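Biologist: I would be grateful for a close look at a single part of this model, followed by an account of how that part compares with its surroundings. Please begin with the chosen part and then widen the view to the whole protein.

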Amino acid sequence: MRIMFTASNWAGHYMCMVPLAWALRGAGHEIRVACPPSQVRGVAAAGLMPVPVLDAPDMMESARLAFYVQAMYTPPQSGPRPLPLHPFTGEPMESLNDFDASDLRDFWQKSIDAVQRSYDNAVSFGDHWKPDLVVHDIMAVEGALVAALRGVPSVYVSPGFIGTVETEPGLDLVSADPLSCFEKYGVDWGRDRIRYAVDPSPDSAIPPLGDALRLPMRYVPYNGAQSADPWQLGPVRGKRVCVVWGNSASGIFGSDVPALRHAVDAAVRQGAEVVLTAPPEQVEQLGSLPDGVRVLRNCPLELILPYCDLLIHHGSANCYMNGIVAGIPQLSLALNYDTLVCGRRVDPTGATVTLSGLEATAEKIDEALRGVLFDHRYRLAAEKLRDGVERAPSPAVIAGLLERLVADGGLAAEDVAEAVGKANELRRVA
């Protein structure tokens with residue numbers, strides 16, 4: 001069977017699909033990952049075959065532009081917030097007036113051209129390779145068009161907490177066909193037309209999926225490849241706190257977000273060892289760090305989190321899901337509206353606390369950190385959340401369901417329930 005994955009230029013959305021691609025490849029199927037050129041190294045590093053035919057606007061530029069617009073319409077009484085970076089250069093600005101809005105004309109035209117070119121290229125590759133199944137992330141729905149034209153099934157894979165029929169601003173990405181890319185090929189499409197959704201979210205925080213059939217899948221962390229340092233395997237003395245500040249956090253909001261330094265200092269004050277993984281320019285901006293802070297460079301979280309007592313991060317679904325699988329409490333310093341929404345969905349489980357990373361004071365961060373680190377109820381809730389996620393079917397089981405989808409032309413809720421039951425039975429036997 002030939003299976004075409006379509007991946008956007010936002011690596012976090014692609015990485016959550018890697019274990020499913022491995023499972024399908026291990027079952028003997030041919031896998032091709034249609035992606036933008038910027039993702040070729042990442043796809044190849046995962047042992048998969050990249051096909052760099054997709055295109056897209058620069059996601060960092062688009063995200064910085066959205067933050068700039070948000071800053072323009074934020075009333076002064078909302079309190080002090082960092083100035084946005086220049087949307088196109090990424091350099092710090094002294095005033096919102098430093099950005100010339102007339103530059104937007106070229107940006108929009110380049111973005112429209114890139115999107116339209118991406119859909120056309122995806123269709124051309126689909127015509128050439130003739131996949132039997134298409135799997136796509138939420139920002140690479142070119143795959144859904146290929147599937148519709150070829151008359152084969154398509155499946156959406158969520159990174160966690162992001163559904164198919166989102167109405168929340170920031171999560172309603174590519175909700176319809178704004179540039180008529182589907183219409184050009186005679187296909188009527190919207191996210192409400194997605195029929196199958198692979199979703200690793202905890203049962204207590206399932207996102208809105210509309211009429212899509214949910215295929216619950218155990219979240220298997222994949223954050224890139226790197227060797228494990230011997231110190232990571234050694235004993236932990238006292239509490240250990242992992243602080244993650246990803247490339248997207250620095251690239252969109254700059255390296256001068258006070259919440260990060262507040263979090264590091266608060267953890268040190270509580271006597272914890274701090275493991276900080278962040279881009280080099282972000283670490284440099286923090287200045288001199290206290291004793292007990294170990295700095296890593298883009299280290300895969302699955303190497304660190306099993307030996308930590310708390311995860312602090314910038315709010316991405318990838319960080320949330322990694323922390324859930326590790327069974328540790330989390331403090332999210334969410335930087336954008338979509339990350340705040342993720343927090344609202346998972347915080348009621350009692351395993352996480354979410355603050356606005358652009359507004360939280362040092363005192364608020366210190367208070368939240370002490371509570372999450374030392375109140376055993378957060379640890380118990382985190383372990384319960386982990387146990388629930390681990391009961392979901394493995395990627396190998398979902399691969400079997402997708403084989404049935406192609407063979408039978410469809411799946412029903414009974415098929416999913418049967419797969420879940422078999423997975424639970426195998427777990428009991430093991």
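**A loop between two strands, and its setting**

Modeller: Ser180 is located in the loop that connects E5 and E6. Everything that follows refers to a predicted model. The two strands that bound this loop are E5, covering 154–157, and E6, covering 196–199. The backbone of Ser180 has a positive phi, near 60 degrees, although the residue is not a glycine. Its relative accessibility is 31%, and Ser180 therefore counts as partly exposed, a class that lies between the 20% limit for buried and the 50% limit for exposed residues.

Glu183 belongs to this loop between E5 and E6 as well. The side chains of Glu183 and Ser180 make a polar contact at 3.2 Å. With a relative accessibility of 55%, Glu183 is classed as exposed, whereas its partner Ser180 is partly exposed. Glu183 can also be placed relative to an earlier stretch of the chain: its C-alpha atom is 9.8 Å from that of Leu145, with 38 residues of sequence separation.

A third residue of the loop between E5 and E6 is Pro169. At 49% relative accessibility, Pro169 is assigned to the partly exposed class, because that class ends at 50%. The C-alpha atom of Pro169 is separated by 9.2 Å from that of Val341, and the two residues are 172 positions apart along the chain.

Another loop offers a useful parallel to Ser180. Lys130 is placed in the loop between H5 and strand E4 (133–136). Its phi is near 60 degrees, again a positive value in a residue other than glycine. Lys130 is partly exposed, at 44% relative accessibility.

What does a buried loop residue look like here, by way of contrast? Phe99 is found in the loop between helix H4 (59–72) and helix H5 (104–129), yet its relative accessible area is 6%, so it is buried. Beyond its neighbours within four places in sequence, Phe99 is in contact with Leu65, Tyr68, His86, Pro87, Phe88, Met93 and Leu104. Phe99 also gives a long distance in the model: its C-alpha atom is 39 Å from that of Val187, a residue 88 positions away in sequence.

Residues in helices complete the local picture. Ser250, in helix H7 (residues 247–253), has a relative accessible area of 7% and is buried. Apart from residues up to four places away in sequence, Ser250 touches Leu85, Trp245, Ser255, Pro279 and Gln282. Leu385 lies in helix H14 (residues 376–390) and is likewise buried, at 8% relative accessible area. Once neighbours within four places are set aside, the contacts of Leu385 are Pro202, Ser204, Ile324, Val346, Thr349 and Ala351.

One of these contacts, Ile324, leads to helix H11, in which Ile324 is among the buried residues. Helix H11 runs over residues 317–326, and eight of its 10 residues are buried, so it is largely enclosed by the rest of the structure. The buried residues of H11 include Cys319, Tyr320 and Met321. After H11 comes Gly327, with a positive phi near 75 degrees. Leu385 is also 9.3 Å from Ile328, C-alpha to C-alpha, across 57 residues of sequence.

At the level of the whole protein, the secondary structure consists of 16 helices and 13 strands. The radius of gyration is 22 Å, close to the 22 Å given by the globule rule for 430 residues, so the protein is as compact as a globular protein of that length. Its C-alpha trace spans about 65 × 60 × 35 Å along the principal axes.

Of the 430 residues, 51% are buried. Among contacts between residues at least 6 apart in sequence, 65% join residues at least 24 apart. The accessible surface amounts to about 18700 Å², and carbon and sulfur atoms account for 52% of it. The protein carries 37 positive and 51 negative charges, whose mean positions lie 6 Å apart.

Conventions:
Residues are numbered from 1 along each chain as its sequence is written. This is a predicted model: local features need pLDDT of at least 70, side-chain atom pairs count only at pLDDT 80 or more; totals for chains, interfaces and linings use all residues. Side-chain values use heavy atoms; hydrogens and water are left out. Helices (H or I, at least four residues) and strands (E, at least two) are DSSP runs, numbered from the N terminus. The radius of gyration is taken over C-alpha atoms; the globule rule is 2.2 Å times the number of residues to the power 0.38. Buried means under 20% relative accessible area, exposed over 50%, partly exposed in between (1.4 Å probe, protein chains only). Contact means heavy atoms within 4.5 Å. Accessible areas come from the Shrake-Rupley method with a 1.4 Å probe; for residues, only the protein chains shown count as cover. Lys and Arg count as positive and Asp and Glu as negative; His and the chain ends are not counted. The place of a charge is taken as NZ of Lys, CZ of Arg, CG of Asp or CD of Glu. A polar contact is a pair of N or O atoms within 3.5 Å; within protein, one must be able to donate a hydrogen and the other to accept it, and residues adjacent in sequence count only if both atoms are side-chain atoms.
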